[in-house]
Amino acid sequence: MEKFDLTNCDREPIHLLGAIQAHGCLLACDVKAANVIRHSVNARAMLELSGDINGAPLEVLLGPKATHDLRNALATASDAARPALLLGVELPSGKRFDIAVHAYNSVVIMEFEPAALGSRPLQIVRDMIGRISTVDSVNGLTALTARLVRAVLRYDRVMIYRFERDGAGKVISESKRSDLES
């Protein structure tokens, strides 16, 4: 494993990391969302799946209702490259997940996170908007937003980037655990 080097953060292609955070998992399917073609290492445990995942019909793994809802979300999305969100989807295991689904290069990508927000996502968004609505500067807005997102999602660190025309990114706000280096 490579040693982490803070001096090269500005050159990290954060939009192409090739990994998923440990609190979620990923399934990738063919363009029709019929069969799984790839999955994250933790998908089997998180989704409580058994047997082979790659090559398996999505409906067998996620159940007919969840599969139907995912396909509908994908088909009705106004922008196929922008993830459609399904909240609190119950899988055959009985667990509920928030799922982001989108198509990219003829692959359907589904990202799963345990449904931590319950049935209150709209209320959480309203509360967050209420908190930021009185902020009168970009610096204040990004600082408060980083703190709120970190609190709601329970992340160790949230960074807000500003991207320049050349694709370079600069951290303009950060909220982190006190024991982490900035």
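**Notes on the predicted model**

1. Starting with the overall picture: of the 182 residues in the protein chain, 26% are buried. Keep in mind that this is a predicted model. The protein chain exposes about 12300 Å², and carbon and sulfur atoms supply 54% of that area. As for contacts between residues at least 6 apart in sequence, 37% of them join residues at least 24 apart.

2. On secondary structure, the chain has five helices and seven strands. Reading from the N terminus, the order is β-β-α-α-α-β-β-β-α-α-β-β.

3. Helix H5 is worth a look. It covers residues 138-153, and its 16 residues should span 22 Å at 1.5 Å a residue; the end C-alpha atoms are indeed 22 Å apart, so the two values agree. Which residues of H5 are buried? They are Thr142, Leu144, Ala146 and Leu148. As background, an α-helix has 3.6 residues a turn, so residues three or four places apart point the same way. Right after H5 comes Arg154, with a positive phi near 60°.

4. Now for what H5 meets in strand E7. Ser173 sits in this strand, which runs over residues 169-176, and Ser173 counts as buried because its relative accessible area is 7%, under the 20% cut-off. A polar atom of the Ser173 side chain lies 3.0 Å from the backbone oxygen of Thr142. Leaving out residues up to four places away in sequence, Ser173 touches Thr142, Ala143 and Ala146, along with Val158, Met159 and Ile160. Thr142 and Ala146 are themselves among the buried residues of H5.

5. Ser175 is in E7 too. With 8% relative accessibility, Ser175 is buried. Once neighbours within four places in sequence are set aside, Ser175 contacts Ala146, Arg147 and Arg150, and also Asp156, Arg157 and Val158. Ala146 and Val158 therefore turn up in the contact lists of Ser173 and Ser175, where contact means heavy atoms within 4.5 Å.

6. Aromatics next. How many aromatic pairs does a search of the whole structure find? There are two. One is Phe97 with Phe112, an edge-to-face pair at 6.1 Å centre to centre and 85° between the planes. This pair links distant parts of the chain, with Phe97 in strand E4 (residues 96-104) and Phe112 in strand E5 (residues 107-114), 15 residues apart. Phe97 is buried at a relative accessible area of 2%, and Phe112 is buried at 1%.

7. Tyr161 and Phe163 also form an aromatic pair, and this one is stacked: 5.8 Å centre to centre, with 15° between the planes. Buried or partly exposed? Tyr161 is partly exposed at 24% relative accessibility, and Phe163 is partly exposed at 49%.

8. Asn42 deserves a comment of its own. It lies in the loop between strand E2 (36-39) and helix H1 (43-47), and is partly exposed at 24% relative accessibility. A polar atom of the Asn42 side chain lies 2.7 Å from the backbone oxygen of Gly24. Asn42 and Gly24 are 18 residues apart along the chain, and their C-alpha atoms are separated by 8.1 Å. The Asn42 side chain also makes a polar contact with the side chain of Ser40, at 2.7 Å.

9. A couple of backbone angles to check. Most residues other than glycine have a negative phi. Glu48 is not a glycine, yet has a positive phi of about 55°. Glu48 lies in the loop between H1 and helix H2 (58-62), and is partly exposed with a relative accessible area of 48%. Ser106, likewise not a glycine, has a positive phi of about 65°. Ser106 is in the loop between E4 and E5, and counts as exposed because its relative accessibility of 55% is over the 50% cut-off.

10. Last, the cysteines. How many disulfides are there, taking a disulfide as a pair of cysteine sulfur atoms within 2.5 Å? The count comes to zero. Cys25 is buried at 0% relative accessibility, and Cys29 is buried with a relative accessible area of 0%.

Technical notes
Residues are numbered from 1 along each chain as its sequence is written. This is a predicted model: local features need pLDDT of at least 70, side-chain atom pairs count only at pLDDT 80 or more; totals for chains, interfaces and linings use all residues. Side-chain values use heavy atoms; hydrogens and water are left out. Helices (H or I, at least four residues) and strands (E, at least two) are DSSP runs, numbered from the N terminus. The expected span of a helix is 1.5 Å times one less than its number of residues. Buried means under 20% relative accessible area, exposed over 50%, partly exposed in between (1.4 Å probe, protein chains only). A disulfide is a pair of cysteine sulfur atoms within 2.5 Å. A polar contact is a pair of N or O atoms within 3.5 Å; within protein, one must be able to donate a hydrogen and the other to accept it, and residues adjacent in sequence count only if both atoms are side-chain atoms. Accessible areas come from the Shrake-Rupley method with a 1.4 Å probe; for residues, only the protein chains shown count as cover. Rings of Phe, Tyr and Trp (its six-membered ring) pair if their centres lie within 6.5 Å; planes under 30 degrees apart count as stacked, over 60 as edge-to-face and the rest as tilted.
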